Amino acid sequence: MKNFRHYILLFLILPFIAFAEDGSQLWLRYPVNSKPRNIVNSNSKSPTLEIAKKELNNHWSGQPIDLKIDKFPDSFKDGYKIISTPKKITVLAKTDLGLLYGSYHLLNLQQQKGSFSNLNIEEKPSYDIRILNHWDNLDGTIERGYAGHSLWKWEDLPNKISPRCEEYARANASVGINATVLNNVNASPNMLREDYLKKVKVLADIFRPYGIKVYLAVNFSSPKVLGNTKDSDPLNKDVQKWWKDKASEIYKLIPDFGGFLVKANSEGEPGPQDYGRTHADGANMMADVLKPYGGIVMWRAFVYSPSSDDRAKQAYLEFMPLDGKFRDNVIIQIKNGPVDFQPREPFHPLFGAMKKTPQMVEFQITQEYLGHSNHLVYLAPLFKENLDSDTYSDGKGSTIAKITDGTLRSAKFTAISAVANIGEDTNWTGHHFAQSNWFAFGRLAWNNDLTSEQIADEWIKMTFTNDDKFVTPVKEMMLTSRETAVDYMMPLGLHHIFAGGHHYGPEPWGDYKGTRADWSPVYYHRADAQGLGFDRSKTGSDAVSQYFPPLNEIYGNIKTTPENLILWFHHVPWDYRMKDGKTMWEELCYKYDLGVHEVRDYQKLWNKMLPYIDEQRFSEVKDKLKIQAEDAVWWKDACLLYFQTYSNRPIPDNIEKPVHKLEDLKKIKLPMGHHN
Ligand code: BDP
């Protein structure tokens with residue numbers, strides 16, 4: 001009888017042991033061999049290779065594997081080849097890291113139930129530096145982080161090290177990410193204090209075998225704050241010496257330190273302009289001290305000032321005159337769009353325009369403007385839309401991908417970056433589907449030719465299941481999810497109509513008098529009795545002239561501007577006829593309504609998915625979709641009711657009527673603080 005009871009207990013518990021999943025394994029849900037095997041041979045030896053061996057011996061169930069260093073040209077970088085027969089697999093690479101990447105490729109294939117008997121694969125990365133930017137503060141909070149506190153746990157370092165630091169490195173290596181900026185671009189000078197550098201060294205040592213280099217964001221005033229120099233003027237000899245000594249101190253601790261990321265003269269951060277110097281003066285001073293060690297400077301172009309007539313124009317105006325004036329170990333890091341990580345923006349006009357200065361894209365993986373970790377928004381389509389944009393800088397076909405990856409212009413080094421969405425939460429990213437955005441950034445940094453669909457397919461199979469009944473609908477949901485978010489938040493090129501500070505939820509009525517005009521939603525949408533949208537045509541702010549022909553003409557003319565950007569570039573009359581025959585006002589109503597319906601469709605679709613996956617992730621995603629559906633209605637009602645006070649036109653009968661009252665929505669104040 002007692003035994004029988006044990007059986008019952010086992011029967012009840014087993015499914016949980018087998019299926020209870022909390023997302024902590026990310027896409028690395030490799031099967032575990034009951035006994036580690038001894039199937040790997042290699043002509044090389046290093047900590048990196050040990051990791052590759054361990055991963056394969058623990059998780060690979062197929063034929064024996066040879067990991068072989070071979071001769072390849074320099075351009076092969078950390079690429080690899082995989083060749084197989086039914087009896088044996090050979091991975092060839094120039095570096096041990098290439099062999100590790102090849103090993104993860106095999107494990108990923110196994111996870112997707114690929115076949116291994118006849119492989120002939122060759123892979124090499126699109127970019128040299130594939131880097132995450134963490135906006136982590138030294139007190140453990142994360143700026144725009146929605147997945148808990150910082151993984152680094154500065155207060156415990158250097159003595160106590162969280163095991164998640166190594167898991168983080170492993171996850172990155174499995175998708176080819178090879179660099180990380182550990183701290184917030186709004187950088188504390190303390191980051192460069194000796195005690196913090198000792199902590200950084202510990203992390204660098206953990207990441208190194210996984211091929212991940214550490215970089216730091218630095219505060220331009222560090223010499224004055226930490227070194228008591230008179231000022232932090234880049235032309236002051238004492239300041240230069242301070243940076244030189246600091247570089248030497250850093251490289252003693254971390255010989256392969258990557259370099260600095262700098263936010264200067266932006267949103268109140270200090271910079272060279274405080275001393276009448278240029279961005280180039282500042283960047284070059286730092287580049288000179290890093291140069292002997294092979295370090296680089298990633299100098300951000302995210303600048304704007306309250307006096308500008310159009311914030312979207314400012315970075316171009318400040319940086320274009322400096323083209324060609326930067327050292328060769330400086331790269332300009334440019335956000336994908338000219339304003340700030342909006343659900344949809346046109347590409348930043350600086351791409352391609354600076355012909356003598358290397359450039360890199362900065363994407364945002366953390367969903368500051370996309371429903372934080374509550375909304376399911378798969379970002380590969382946003383990343384691809386940007387990378388595939390044709391700037392026409394060097395004639396037709398001058399896409400951002402080709403400008404930044406060295407295809408169009410030869411470059412000493414190339415890079416791509418994104419602001420991470422990773423925190424201490426069990427599932428790392430707050431929303432299970434937000435893991436796909438970390439994954440997608442890594443995959444695109446490795447190969448910018450991949451499609452959003454290929455990446456979603458891989459991720460779903462590795463993270464959930466290979467069952468087609470799950471893969472097909474869920475993939476469809478992911479692929480449409482970005483457009484859906486645009487529909488219920490900011491269709492037709494609307495932008496920055498979020499609630500101030502935390503940027504969660506709508507506040508199109510926001511007019512923060514007394515602060516900066518360019519932080520207020522009304523600055524961006526410009527609703528009035530005539531129409532809606534920001535006139536950036538020649539007769540408006542003329543931001544269109546920052547684009548190469550024919551784009552300046554295309555965007556400059558309301559008739560040829562793509563409708564998904566029409567309110568970005570034009571002040572459009574409410575009765576303007578859109579291509580489908582609706583008026584602009586009707587189209588706006590229709591888009592918001594469509595967004596709401598799309599999220600409800602995701603809910604219905606997801607409700608059918610329980611048979612294919614574990615209960616825990618199923619219900620956690622289900623709960624988040626409920627929030628998303630409610631938020632979509634909130635967005636729609638807030639924006640339509642508010643814009644209606646200007647359009648004075650009825651909401652068409654065939655769409656769902658608002659369920660809220662505008663006065664009530666205006667009273668909502670969420671307890672999440674932030675500056676702008
Ligand atoms: C904005 C964020 C702010 C960042 C800034 C930046 O709201 O928190 O500090 O960008 O990128 O998106 O520097």
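A polar side-chain atom of Asp340 sits 2.6 Å from an oxygen atom of the ligand, and that contact is a good place to start a tour of this predicted model. Taken alone, the ligand exposes 320 Å², and the protein buries 100% of that. From there we can walk through the ligand shell, the annotated positions, three helices and a pair of loop threonines.

**Ligand surroundings**

- The ligand is surrounded by 15 residues, and the closest are Glu143, Lys263, Arg300, Asp340 and Glu368.
- Sorted by class, that shell holds eight charged residues, four nonpolar ones and three polar ones.
- Arg300 also places a polar side-chain atom by the ligand, 2.7 Å from one of its oxygen atoms.
- Asn186 takes part as well: an N or O atom in its side chain is 2.9 Å from an oxygen atom of the ligand.

**Asp340 and the annotated positions**

- Which residues does UniProt list for "active site"? The unreviewed entry names Glu267, Asp340 and Glu368.
- Two of these names, Asp340 and Glu368, also appear among the closest residues to the ligand.
- Asp340 belongs to the loop between strand E11 (330–335) and strand E12 (359–364).
- Is Asp340 buried or exposed? Its relative accessibility is 4%, under the 20% cut-off, so Asp340 counts as buried.

**The C-terminal annotation and helix H19**

- UniProt (unreviewed entry) places the feature "domain: Glycosyl hydrolase family 67 C-terminal" at residues 429–654.
- Residues 429–654 are 52% helix and 2% strand, and the C-alpha atoms at the two ends of the span lie 38 Å apart.
- Helix H19 covers residues 615–647, which makes 33 residues.
- From first C-alpha to last, H19 reaches 47 Å, close to the 48 Å expected at 1.5 Å a residue.
- Just after H19 comes Asn648, with a positive phi of about 55 degrees.

**Helix H8, an enclosed helix**

- Helix H8 runs over residues 279–290, twelve residues in all, and reaches 17 Å from its first C-alpha to its last, close to the expected 16 Å.
- Why is H8 described as largely enclosed by the rest of the structure? Ten of its twelve residues are buried, so the surrounding structure largely encloses it.
- The buried residues in H8 are His279, Ala280, Gly282, Ala283, Asn284, Met285, Met286, Ala287, Val289 and Leu290.

**Ser174 in helix H4**

- Ser174 is part of helix H4, which spans residues 164–175.
- With a relative accessible area of 6%, Ser174 is buried.
- What lies 2.7 Å from a polar atom of the side chain of Ser174? The backbone oxygen of Ala171 does.
- An α-helix has 3.6 residues a turn, so residues three or four places apart point the same way.

**Two threonines in loops**

- Thr399 is located in the loop between helix H10 (380–387) and helix H11 (400–404), and at 16% relative accessibility it counts as buried.
- Thr399 and Ile82 are 317 residues apart in sequence, with their C-alpha atoms 30 Å apart in space.
- Thr451 is located in the loop between helix H12 (435–446) and helix H13 (452–463), and at 36% relative accessibility it counts as partly exposed.
- Thr451 and Ser520 are 69 residues apart along the chain, and 36 Å separates their C-alpha atoms.

Definitions and conventions. Residues numbered from 1 in each chain as written. Predicted model: local features only at pLDDT ≥ 70, side-chain atom pairs only at ≥ 80, totals over all residues. Heavy atoms only, no water. UniProt positions renumbered as here; feature names shortened; annotations may be inferred. Helix = DSSP H or I, 4+ residues; strand = E, 2+ residues; numbered from the N terminus. Near = heavy atom within 4 Å. Polar contact = N/O pair within 3.5 Å; in protein donor to acceptor, adjacent residues only side chain to side chain. Areas by Shrake-Rupley, 256 points an atom, 1.4 Å probe, with all protein chains shown as cover. Nonpolar A, V, L, I, M, F, W, Y, C, P; charged D, E, K, R; others polar. Expected span 1.5 Å × (residues − 1). Buried < 20%, exposed > 50% of the residue type's maximum accessible area, 1.4 Å probe, protein only.
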